[in-house]
Amino acid sequence: MASRDRRAGVVGGATMAAAIGVMNLTTYGLTLACARLLGPDEFGQFSSVLGALIVLNVLSLALQATGARRVSTATGDPSAIARTVLAATVRGAVAVTVLGLVLAPLVQRGLRLDSLVGALCLAVAAGLLTVMGGQAGILQGEQRWGPLALLYVTMGTARLALGGIALLVDRSAAAALVGVAVAAAAPVLVGGLALRRSGRWDTRAPVGATPESTWRDWERGGVAREVVHSASALLAFFAVSNADVLVARVVLPGEEAGHYAAGLVLTKAMLFLPQFVVVVLFPRMARGHDLRRTHAVGLSAILGLGVVAVGGVLLLRGLALEFVGGAAYAPVRDDLWLFAALGTVLAMVQLLVYGALARQHPRAVVLLWVALAATAGLAAAVDDAHGLLLVKLGVDLVLLVGLGAYLLLRTSPEEADGLEPVDPPLAEDPTSPEQPAVR
């Protein structure tokens, strides 16, 4: 049984690694095309809107985390749980789209966009990606890695194809953002088709499931309430991980802000490269299986990838510069290894944030908001891209250590050993190795 689970985990990890790799490469392809075709100022506008989209996408990711946690751990009918998650997803998508459209003029002024089109595209893309988040959460909770992988691949390839076509029509940030918005509909269609299949709707509860009688009060309050808990932490994380590109638009001259945005291409690549680690480990973390070892394995994998990448950037600075946009962004050439290191630190922080979501440690969000405030406060004193980068890297290193220490202290001995603390205690059902402990 354990051997089969390990094989399934390896296959799932490899599948998701490949899919997320394709998504990252295609997303990078569009970013690189924009960096080369738009020039620093227009590229800065494009990057600032994508940064805002990542922050707004927090609702999508909160729905994904909530759906995955509930489907993978609850003992109720999984099809009913999926329908509840999808209903909450539709409501959230409508809300974020309407709010984005209403606030579009303010977004245009705040990000100094040449056109209102970019702000409107931000609202549309955020709404569609919210729907994708709920769909992905159900597939992740069911551990249906094939359909989930196709969802991610479709997201990246559609963005590259449609964004590239838009750039051929008009070389502007607004045109590229139209392509991004239209492309966001493609993974929603794929997710809808995947969920029309029954999937692995099994009446048996997964190993590590938690009976509803043991849920906390806020868990009994429904999906929406849990989404709020998840969203608060994810909003803080994505605000922390994207605040600097927005701050750069405010505190740095337009061209230098564009140079900084180009360096962040490498940061985002290193942030999203090990995303498969989080996707595959999250259901295990939610069920409380050997948490300290799970965190250690995940952090080690991310750090290993980061060390290799930073070393490669140091040895091949010219190639790394081509990766982020070419000679037009030469001022950041010597700092590219720091941008890669920043991405690795953020990826490790992301794993810890999802660990906090999996075991519901809501106070961890305080550390993220403190880091965001520190970044904004210290960035006000810098006057160049190098200074902003050092501030960001320093704050995030402190956050990584603080968050890791907090979760280590909050992990109970039972969770560390892979034992779920439940009161009253549960008895094992010897008749079914697939079943969790039962009443």
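## Close-ups of an all-in-one helix chain**Figure 1. The whole chain and its long-range contacts.** Among contacts (heavy atoms within 4.5 Å) between residues at least 6 apart in sequence, 82% join residues at least 24 apart. This is a predicted model, where local features need pLDDT of at least 70 and side-chain atom pairs count only at pLDDT 80 or more, while totals for chains, interfaces and linings use all residues. Residues are numbered from 1 along each chain as its sequence is written, and side-chain values use heavy atoms, with hydrogens and water left out. Count up the secondary structure and you get 18 helices and zero strands; helices (H or I, at least four residues) and strands (E, at least two) are DSSP runs, numbered from the N terminus. Of the chain's 439 residues, 55% are buried. Here buried means under 20% relative accessible area, exposed means over 50%, and partly exposed is in between (1.4 Å probe, protein chains only). About 18,000 Å² of the chain is exposed, with carbon and sulfur atoms supplying 67% of that; the areas come from the Shrake-Rupley method with a 1.4 Å probe, and for residues only the protein chains shown count as cover.

**Figure 2. Helix α5, residues 116–141.** Take the 26 residues of α5 at 1.5 Å each and you expect a span of 38 Å, which agrees with the 38 Å between its end C-alpha atoms. (The expected span is 1.5 Å times one less than the number of residues.) Because 20 of those 26 residues are buried, α5 is largely enclosed by the rest of the structure. Look at the N-terminal end and you'll find serine 115 as the cap: one of its side-chain oxygens lies 3.0 Å from the backbone nitrogen of valine 117. That is a polar contact (a pair of N or O atoms within 3.5 Å; within protein, one must be able to donate a hydrogen and the other to accept it, and residues adjacent in sequence count only if both atoms are side-chain atoms). After α5 comes glutamine 143, with a positive phi near 55°.

**Figure 3. Helix α16 and its buried side.** Helix α16 covers residues 364–379, and its 16 residues should span 22 Å; the end C-alpha atoms are 23 Å apart, which agrees. Its buried residues are Ala364, Val365, Leu368, Ala371, Leu372, Thr375 and Ala379. They cover an arc of only 115° around the axis, which puts them on the same side of α16; the arc is that of the directions from the helix axis to the C-beta atoms. Turned away from that buried side is a face carrying the exposed residues Val370 and Ala373.

**Figure 4. A salt bridge between α1 and α14.** Side chains of opposite charge can pair when their charged atoms come close. The whole structure has five salt bridges, each a side-chain nitrogen of Lys or Arg within 4 Å of a carboxyl oxygen of Asp or Glu. One of them joins arginine 36 and glutamate 322 (2.6 Å, N to O). This pair links distant parts of the chain, 286 residues apart: arginine 36 is in α1 (residues 2–56) and glutamate 322 in α14 (residues 317–324). Arginine 36 is partly exposed at 46% relative accessible area, and glutamate 322 is partly exposed too, at 37%.

**Figure 5. Salt bridges of arginine 144 and arginine 317.** Arginine 144 meets glutamate 142 in a salt bridge (3.1 Å, N to O), and both residues are buried. In another salt bridge, arginine 317 meets aspartate 334 (3.4 Å, N to O). Arginine 317 lies in α14 and aspartate 334 in the loop between α14 and α15 (336–358), so the pair ties together parts 17 residues apart in sequence. Arginine 317 is partly exposed at 28% relative accessibility, as is aspartate 334 at 45%. Arg317 and Asp334 also belong to a salt-bridge network with Arg333.
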